[in-house]
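Dear colleague,

I am passing on the structure below, together with my notes on what turned up in it. Please read the notes with the model open beside you.

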Amino acid sequence: MYPASLFANRLRWLSSVVVVIWAALGFCLLVAQAQEKKPTQNQPPPETDDVVRVKTELVQTDVMVFDKKGRFVEGLQRDQFELYVDGKQKPISFFESVITGSRSERDSLNKARGNASPASSEASSPAMDQVPGRTVMFFVDDIHLAPTNLLRTRKSLLYFIDNLMGENDHVAITSASGQIGFLQQVTGNKAVLRAAVERLSAVPPRGRDFQQPPISEYQAYLIVEQKDRVGGIGPVGDTKRPIATLFDYFVDQTMKANNLPSAIATQLVEQRTRMIVQQSDAGVKMALITLIELMRSAAKLPGRKLVFFISDGFVSNFSGSDVTTQLRTAIDKAAIAGVVIYSIDARGLGVDSYLDASNPGGFDPSGVFMSRATGELAFTQEGMNALASDTGGRTLFNSNSMTDGMEKALDETSRYYLLAWRPETDSQRAANSPKIKIQIPGHPDWKVHFRRGYFNQRGDEGGTKRAPTTMPTSAEALAATDNSITDEEVPTSLFLGHKQIRGGGMQLTAAIQVFGPVSSESGKDSADVLGAVFDSRGKAVGSFKQKTNLPRATTAEQPAFANVNYEVKVAPGLYQVSIVTRNNRTQRLGHAMDWIEIPQLKPGLSFSSVYLGEVPAMTDPNGANASQVGINASRRFARTSRLRFTSYLYGVTHGTMTPDIGMKIEILRGNQVVSALPERKLAASKLGDLSSIPYSGEFAVSSLTPGRYVLQVTAFDHATNTSASQQVKFTVY
């Protein structure tokens with residue numbers, strides 16, 4: 001089990017991947033693989049303080065509008081909205097319809113704050129994913145999930161990963177208890193997400209003592225905090241007074257179940273109910289603190305995020321604990337992070353406990369037990385209701401299909417209206433301060449969903465901008481580093497591959513490209529590169545530190561970079577590689593992180609990873625420089641260049657038979673084949689060692705329009721009628 005503090009550090013570090021967390025810590029969230037990156041063109045002036053105060057001229061509110069059938073209302077204009085702040089109507093300074101996860105979302109957020117759009121375009125950014133995609137985080141409140149409901153939750157999460165997750169989406173699966181550990185981070189790697197789901201297991205329930213008669217957390221709350229105990233059973237020998245309170249009922253049932261006198265039963269019920277309430281409060285506090293840490297980590301990720309809060313509900317002890325403060329803090333942090341929460345009750349079509357046949361209960365002719373138990377279901381949903389409604393989300397209650405709710409939420413949150421207004425005072429700039437009301441006159445049947453406070457998507461908490469962090473010095477320091485991404489980072493790309501090595505075993509290869517600044521001045525900078533390889537438990541299994549010369553690019557369209565490679569022998573399993581780079585002249589940092597699954601090779605055909613290299617336009621294919629092409633970690637190729645690929649084929653064993661191997665190359669865009677080369681037979685006399693057959697090829701990308709593609713290499717063993725294939729993504733600009 002991982003403590004909340006360790007989970008927070010992990011997800012903050014990993015959420016800079018976009019990529020996070022996690023996200024949400026890519027959260028954490030969390031890790032962020034959709035974060036935009038661009039070369040530094042001019043060195044900024046030195047900062048004298050670690051924190052620089054920033055005042056935003058405009059503040060934002062994200063709004064969703066639904067008609068009476070629950071459909072998103074599209075095509076609304078600025079003049080159809082009325083905005084009130086602290087009871088006073090405010091003019092709308094900025095208005096735009098936004099698609100979540102689109103390339104234009106971050107530009108819209110910048111414009112809504114009155115900031116200019118980034119100068120560099122996506123096409124010229126060498127280390128950036130062209131389509132950021134959505135960021136979705138799952139917060140599984142395993143502290144308050146029954147084992148059967150946890151099983152349903154796991155199945156629903158796997159369904160989401162396999163059927164609802166988009167190609168460019170970044171997802172984090174987190175838990176209240178922290179049992180997922182190192183895998184709680186934002187990633188687009190489905191293998192990592194499936195491994196995170198596998199780690200979800202039942203958590204011993206809090207707030208239950210398994211004594212007889214059963215007392216629920218809600219019933220204990222009524223007795224201890226709501227004082228449902230006036231009256232009471234008389235001592236032994238006295239005539240019993242009529243049962244008038246819930247406390248009386250449980251004393252009476254305790255006497256019958258355990259054959260105890262009333263005095264001892266009274267004392268036992270008092271002790272049990274106090275202990276149940278204390279344990280319940282501790283469980284709720286732990287869950288909400290972990291949720292708050294996820295919100296803090298999600299603030300590192302760009303754009304608006306969707307968080308699914310999955311729980312069986314919990315008792316919000318408003319009078320005897322600080323649950324109100326914790327809920328408010330979580331909601332405020334969600335506003336800062338641009339998070340919309342959809343709460344899912346994992347109990348599905350639930351009923352109050354007195355109607356649940358699986359809950360044993362004594363005969364109650366007084367009706368006290370039944371009258372008090374009515375409303376338990378609704379009360380345990382109040383905290384989940386608050387999280388959803390105050391962040392602009394919705395509740396998904398009373399349904400046995402979690403996946404239908406997930407699909408509906410993804411559709412609802414895929415679009416929103418972004419409104420911005422100019423605050424009059426510093427207090428109105430605080431995300432949790434102003435009271436906002438938004439309405440659309442003339443359409444009383446429409447529902448307008450917006451968060452309490454405003455959408456403070458600045459990647460900060462309370463108007464601060466973080467200075468670059470200190471370069472870590474070891475793998476352990478790297479694991480604990482909060483690598484906040486800034487607009488002036490050192491662009492860094494990372495590609496991970498695997499191949500079999502001589503003598504058996506698998507080798508993980510990390511190829512890193514560190515991009516130099518765009519500068520008209522000649523010369524070179526130097527860069528420090530620190531990398532570490534972690535297994536799925538977060539244990540470092542390899543690390544390196546290297547210094548390299550960093551060339552300068554004359555234009556953003558022709559980036560200059562240094563290559564760094566690292567190889568390490570590893571066992572089959574999931575691994576994460578994290579890289580931090582530093583330009584020693586500007587002291588700016590860069591960060592890249594990715595996951596790779598090292599397979600266990602089985603009998604039959606299989607491939608290594610496909611490694612890509614870029615042959616520049618002016619390189620003579622037959623010249624000496626052509627053979628010195630390194631791995632292109634960014635997998636971005638200019639249309640004037642040529643793409644070279646290399647892979648290794650394993651499992652060709654025919655004994656005395658002559659190998660009959662054919663290779664086919666296809667280029668896909670989406671699910672469509674846009675280019676294919678005829679199958680090419682490999683000359684048997686030139687195969688050499690059949691246990692590892694290298695295969696390379698090269699082609700011009702000039703015929704491909706700018707965009708994202710997949711290179712697929714397929715091998716056919718005609719002698720055994722078997723085949724295998726491997727894919728790699730690349731981008732043409």
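In strand 28, Gly 697 is the bridge partner of Phe 645, and this pair belongs to the antiparallel pairing of strand 25 with strand 28 (residues 693–700), which runs over 8 bridges. Two strands are said to pair here if DSSP finds at least two bridges between them; strands (E, at least two residues) and helices (H or I, at least four) are DSSP runs numbered from the N terminus.

The model is a predicted one, in which local features need pLDDT of at least 70 and side-chain atom pairs count only at pLDDT 80 or more, while totals for chains, interfaces and linings use all residues. Residues are numbered from 1 along each chain as its sequence is written, and side-chain values use heavy atoms, with hydrogens and water left out.

Strand 25 has further antiparallel partners. Strand 23 (residues 611–615) pairs with strand 25 over 5 bridges, with Tyr 611 facing Thr 646 as its bridge partner, and strand 22 (residues 606–607) pairs with strand 25 (residues 642–650) over 2 bridges, where Ser 606 has Tyr 650 as its partner.

Two open sheets may also be worth your time. One has 5 strands in the order 24-30-29-26-27, with mixed pairing; strand 24 (636–637) and strand 27 (672–681) stand at its edges with a single partner strand each, so one side of each has no neighbour in the sheet. Within this sheet, strand 29 (residues 707–717) and strand 30 (residues 722–732) run antiparallel and are joined by 11 bridges, Thr 714 standing opposite Ser 725 of strand 30. The other open sheet has 3 strands in the order 15-16-19 and is antiparallel, its edge strands being strand 15 (492–500) and strand 19 (561–570), each of which pairs on one side only. Strand 16 (residues 506–515) is joined to strand 19 by 10 bridges, and Met 506 has Val 570 as its bridge partner.

As for the interior, 8 of the 8 residues of helix 5 (residues 217–224) are buried, so this helix is largely enclosed by the rest of the structure; buried means under 20% relative accessible area, with exposed set at over 50% and partly exposed in between, using a 1.4 Å probe and protein chains only. The cover over these buried residues includes helix 6 (246–258), helix 7 (262–298), helix 9 (368–373) and helix 10 (376–380).

The largest nonpolar core (a set of buried Ala, Val, Leu, Ile, Met, Phe, Trp, Tyr and Cys residues joined through side-chain atoms within 4.5 Å) holds 72 residues, of which Phe 81, Phe 138, Phe 160, Phe 308 and Met 406 touch the most other members. Strand 11 supplies the largest share of this core, 6 residues, and a second, separate core of 33 residues includes Phe 495, Met 663, Ile 665 and Leu 682.

Finally, Ser 414 sits in the loop between helix 12 (402–412) and strand 11 (415–421) and is buried, with a relative accessible area of 16%. A polar atom of the Ser 414 side chain lies 2.7 Å from the backbone oxygen of Asp 411. Neighbours within four places in sequence aside, Ser 414 is in contact (heavy atoms within 4.5 Å) with Val 98, Ile 99 and Thr 100.

With best wishes

Notes: A polar contact is a pair of N or O atoms within 3.5 Å; within protein, one must be able to donate a hydrogen and the other to accept it, and residues adjacent in sequence count only if both atoms are side-chain atoms.
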